[in-house]
Amino acid sequence: MIRDSGVVIAATGNQKAHTYPETLKVQVRVETCCGAVKVFNVENTHWWNAKEIRSGVSHRILTCGAPTEALIDGQMQNAKMKIASKKKNTNDDSSSSLISHDIHSTVFPYFSRWQKSHGKVFIYWLGTEPFLYVAEPEFLKKMSSKVQGKRWGKPNVFKHDRKPMFGSGLVMVEGDDWVRHRHVITPAFSPPNMKAMASLMVEPATKMLRRWTTVINSGKPKIDVERDITTMAGEIIARASFGLSCENGSEVFQKLKAMQITLFNHNRYVGVPFSRWIFQKKNMEAKKLGEEIDQVLLSIMEDVEKKKNKCLVGYLMEGERLNGREVVDECKTFFFGGHETTALLLTWTLLLLAMHPHWQNQLRDEITQVFGDGEIHFSKLAHLNKMGWVMKEVLRLYSPAPNAQRQAREDIKVDGVIIPKGTNIWIDTVAMHHDPALWGDDVNEFRPERFKDDQVYGGCKHEVGFMPFGFGGRMCVGRNWTLMEYKVVLSLMLNSFSFSLSPTYRHSPSILLSLRPTYGLPLIVQPL
Ligand code: HEM
């Protein structure tokens, strides 16, 4: 038996390590998302390339009459609807006792179900693409140890779909190019550079708070904070990327947003044959927007170079280690990778603080202790310890990046199993962050104090079990940035307002690339 899985692979022949991959006989049991089971016997560890299975898969797609992921989405929708109707039955009462943080089966119902029958590492298919599902930190540790990061790439299926968003930016590049990009980009996020950018964050945040004051004064204390925080975070990233004096920043922002919406409408059919042609019109739209964005970005780069602006783009252009095309793609990467994630982290934090007013008060007291009545100083942000625990606890319960992905660029042996070249890996962060075996029985409770004694792992029983920023060499470069933006913006918000749940809030976390509240986050906001 090699491993229990959604596609269960059982080796019936000689399976000594040295005989891999030639003589292995593999029995593959395929369970489709609609529950049908098929068994194939193949003599090849590259089991997913086997003709029998491939034809099984296309047969499955044809007989289902709908692509795998569409069915999955259907299930997801059903789960959401159930929650929504449950809420309706309770007269829209959204008191915090009705909100459960046990979200894995809501956001990934199919993985949650398959985990129960196949364990924490198994194979599944996305259309015609084989994926190895991993929700076991020890397996991840073995995946990244001894194996050079360069041997793991990013899945080609996603690369294609997300090309207009990330191009060949850091998130997508591989091999020696990834090493070169990472060397240029990492210093741009160093603490001294971050310090220089801290002041850029204050103005967009203050502008948002002024708007909230105006709305509240007009007699409307209910505010959809998610929408406003996302806009604010977009402004922050545009300023940091291009500098204060950039006039075209908001134009780029609008176009990038439009491209994201266009792409989201169809990138769910990953792995479905011919989907590129089915969605040709949308692809053309995204491509056109992409070209327009590139033009604006190129003109901004010229401007940055002329004015010697202190900004992320300025740092990336120094020394010309990245060419113009690459800098353009990194700008898009910062925008897509860096604004929604931080915005969602702040949004989920406000939900949890609204549910736990005593934590809201504790953070307010800490802010007063650290800054007095004075301004927010970059050098003092590190003293906001409790705020740091709250941030990590929110990242655990509502990780804005709910999964990570890899693709084997060559045959890689992990834990005695050969992962054949080309296999995609889907790492379920939400599952690990909600696993009682790793966190204990209070796994679904909001308890920031778990990070008090164990600041890095929060008491998680495995060092890789808490991975909101990814794992291994490709861990997020924006961690320092996130921490700084989080502390600056949250301090400003808590200094001016208190937050409580609006009765209209419907708790329905869902995944659209990031983990977000489906119906936004309406809160009752009151000035202090
Ligand atoms: C709450 C905030 C954030 C979260 C949860 C987050 C999460 C992640 C995750 C999970 C990865 C993938 C790691 C992997 O594949 O192992 C990643 C990579 C990345 N993130 Fe973030 N991120 C955040 C903020 C940011 C910010 C603010 C920026 C930039 C301004 C940024 C830029 C990037 C880039 C460029 C990569 C690719 C790194 C590489 O492949 O070498 N992220 N992030």
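Here are three short exercises, each with a worked solution, on this predicted model.

**Exercise 1. The nonpolar core**

Find which residues have the most contacts inside the largest nonpolar core, and which helix gives the most to this core.

*Solution.* Start with the core as a whole: the largest one has 126 residues. Inside it, Y133, L350, V394 and L523 have the most contacts. Next, look for the helix that gives the most to this core: helix α15, residues 340-355, with 11 residues. Finally, pick L350 and list its partners. Leaving out residues up to four places away in sequence, L350 touches V225, F499, L521 and L523.

**Exercise 2. Around the ligand**

Describe the shell of residues around the ligand by its nearest members, its helices and its classes.

*Solution.* First, count: 24 residues surround the ligand, and G338, T341, G470, C476 and G478 come nearest. Second, turn to the helices. At least two shell residues come from each of α14 (324-338), α15 and α21 (479-496), and α14 gives the most, with 4 residues. Third, sort the shell by class: 14 residues are nonpolar, 8 are polar and 2 are charged.

**Exercise 3. Getting to know N444**

Work out where N444 sits, whether N444 is buried, exposed or partly exposed, and what N444 touches.

*Solution.* Begin with the place: N444 lies in the loop between α19 (436-439) and α20 (450-453). Now take its surroundings. N444 has 16 C-beta neighbours inside 10 Å. Buried needs 20 or more and exposed needs 12 or fewer, so N444 counts as partly exposed. Then check its contacts: beyond residues up to four places away in sequence, N444 touches S100, H101, D102 and H434.

Methods
Residues numbered from 1 in each chain as written. Predicted model: local features only at pLDDT ≥ 70, side-chain atom pairs only at ≥ 80, totals over all residues. Core = buried A, V, L, I, M, F, W, Y, C linked by C-beta atoms within 7 Å. Contact = placed C-beta atoms within 7 Å. Nonpolar A, V, L, I, M, F, W, Y, C, P; charged D, E, K, R; others polar.
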